[in-house]
Amino acid sequence: MERTKEATRDYPSFARTPWTLWETLYARRSHRKYLPGNLDPDLEGALRGALRLALEVRGAGEGSLLAVTDPRLVAEFRRRAHRGAPNKINLWLTRAPILGFLALAVPAGDAKAERPRELPRATMAAQDVVLWLTERGLGTCWLGGVNQEEVRKLLGLGRDRAVPAAVSFGKPKPRVMAPDFDHLVYRTISRHRRPLPAVARLQDMDGPYVVRDWEGVSLSVSPVQDVEGLLRRILEEEESEGDVPLEPALEACLEAARIAPSAANAQKWCFVAVTGEERLAGLAAACDVDAAWRAAVVGMGRPGGWEATFFEKPFWMLDLPIAFSHLSLMAASLGLAVDVLTDGFDEGRVNRLVKNAGDLRVAGVMGIR
């Protein structure tokens, strides 16, 4: 099956009302070329408001995600971030007129923990803000290779904090087919995604996910489609509006996860869609959640690999939370209430429920109410 970022199907065409979140999800890409300019003060203020909201929604601690917008700090951040051999992958930073950075700033012990707690929550919030910036026409790029010590000192953080990743943002330069590194990466890696059946399962790891015909499907999605509005829906735990068939809703969420960015676009993950009253009751109990879920998605990733070894980062706890940002925003766009858990569940019980006996680790569970 061919790798492509093209949609599995034309999802908005099945909606009776505008389903525009897709435009944001598909518009987001990794930008390494930017236009010179200045950050509008109004936009800067709105950015900080969106960042605070995302942290609150994801249950991340205050200060675990920072917006760096002061021109002097941005220039110094750009200079220091790529110091050291592992970070030379981001040498393009030296010539990019970047407007700002988002920096994860989590407890140092948490970033190295067997199961980080703060890191995935802050990462979800960061991706929420990435999509918020995308709505406003700005380009972004996740940076897993940053010199943590240099950036930590620059931001005035103590040794008890770590900066495992950052996101650059700025005015994107129009894309042209040029024979340079940025466009080579885009053509050969960035726009490629594994097809839905390759990253999704149904009920458990033994159940193949089949893309079925949607003939006769008609949806009335939420009137709220902007990222900030959807975050507020998640925060307020608004109940389902009851107009979306379960199977299309699950596929839309899985498709949103499929097109999320990951380290080297490796997509070392698998998402299991779970339905059925008995299975869901067992999964909710394993998550210590007292809720009647209509469906759930279990996200799993491979913690090893050259990326994690070379950069000494728990990429599975960066990649999967990014995907959970997409999963939950898509569910909210359909008018569905969700519970998103990246810790606090019994991983062994979840593994048994979805028949996960391989090298994948459960990174999170999203229950749909």
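**Figure 1. Covering of the buried residues of helix α9 in the predicted model.** The elements that cover the buried residues of α9 include α1 (21-27), α2, α5 (118-135), α13 and β11. The buried residues themselves are V227, G229, L230, L231, R233 and I234. Just after the helix, E237 adopts a positive phi of about 55°.

**Figure 2. Packing of helix α2 against helix α9.** Helix α2 spans residues 41-58 and helix α9 spans residues 227-236; their axes lie 9 Å apart and form an angle of about 30°. Because this angle falls under 35 degrees, α2 is roughly parallel to α9. The crossing of the two helices is left-handed. On the α2 side, the contact is formed by L53, A54, E56, V57 and R58, which meet E228, L231, R232, I234 and L235 of α9. By class, this contact comprises 6 nonpolar and 4 charged residues, with no polar residues. Of the α9 residues that meet α2, including L231 and I234, these two are also listed among the buried residues of α9.

**Figure 3. The largest nonpolar core and the surroundings of L334.** The largest nonpolar core has 86 residues, and those with the most contacts inside it are W19, L65, L102, L104, F271, M330 and L334. Helix α13 (residues 316-333) supplies the largest share of this core, namely 12 residues. When residues up to four places away in sequence are not counted, L334 touches W19, L219, V221, S222, V244, A249 and A252. A second core, separate from the largest one, has 21 residues, among them A96, C141, V151 and L154. In soluble globular proteins, nonpolar side chains tend to be buried together.

**Figure 4. Q203 and N265, two loop residues with positive phi.** What are the phi values of Q203 and N265? Phi of Q203 is near 75°, and phi of N265 is near 50°; each is a positive value in a residue other than glycine. Q203 lies in the loop that links β8 (200-202) to α9, whereas N265 is found in the loop between α10 (246-258) and β9 (269-274). Q203 counts as buried because its relative accessibility, 15%, is under the 20% cut-off. N265 is likewise buried, with a relative accessible area of 9%.

**Figure 5. Environment of A284 in helix α11.** Helix α11 covers residues 277-286 and contains A284. Is A284 buried or exposed? A284 is buried, with a relative accessible area of 3%. With neighbours within four places in sequence left aside, A284 is in contact with V289, A291 and W293. The C-alpha atom of A284 is separated by 9.3 Å from that of V365, a residue 81 places apart from A284 along the chain.

**Figure 6. Environment of T342 after strand β11.** T342 is placed in the loop between β11 (338-341) and α14 (347-353). Its relative accessible area is 3%, so T342 is buried. Which residues are in contact with T342, leaving aside its neighbours within four places in sequence? They are R115, P120, R121, M124, M317, A363 and G364. Strand β11, which precedes this loop, is also among the elements that cover the buried residues of α9.

Definitions and conventions. Residues numbered from 1 in each chain as written. Predicted model: local features only at pLDDT ≥ 70, side-chain atom pairs only at ≥ 80, totals over all residues. Heavy atoms only, no water. Axes fitted to C-alpha atoms, helices over the stretch in contact; angles between N-to-C directions. Helix = DSSP H or I, 4+ residues; strand = E, 2+ residues; numbered from the N terminus. Parallel < 35°, antiparallel > 145°, perpendicular 65-115°, else oblique. Left-handed = near helix turned anticlockwise from the far one by under 90°. Contact = heavy atoms within 4.5 Å. Nonpolar A, V, L, I, M, F, W, Y, C, P; charged D, E, K, R; others polar. Buried < 20%, exposed > 50% of the residue type's maximum accessible area, 1.4 Å probe, protein only. Core = buried A, V, L, I, M, F, W, Y, C linked by side-chain atoms within 4.5 Å.
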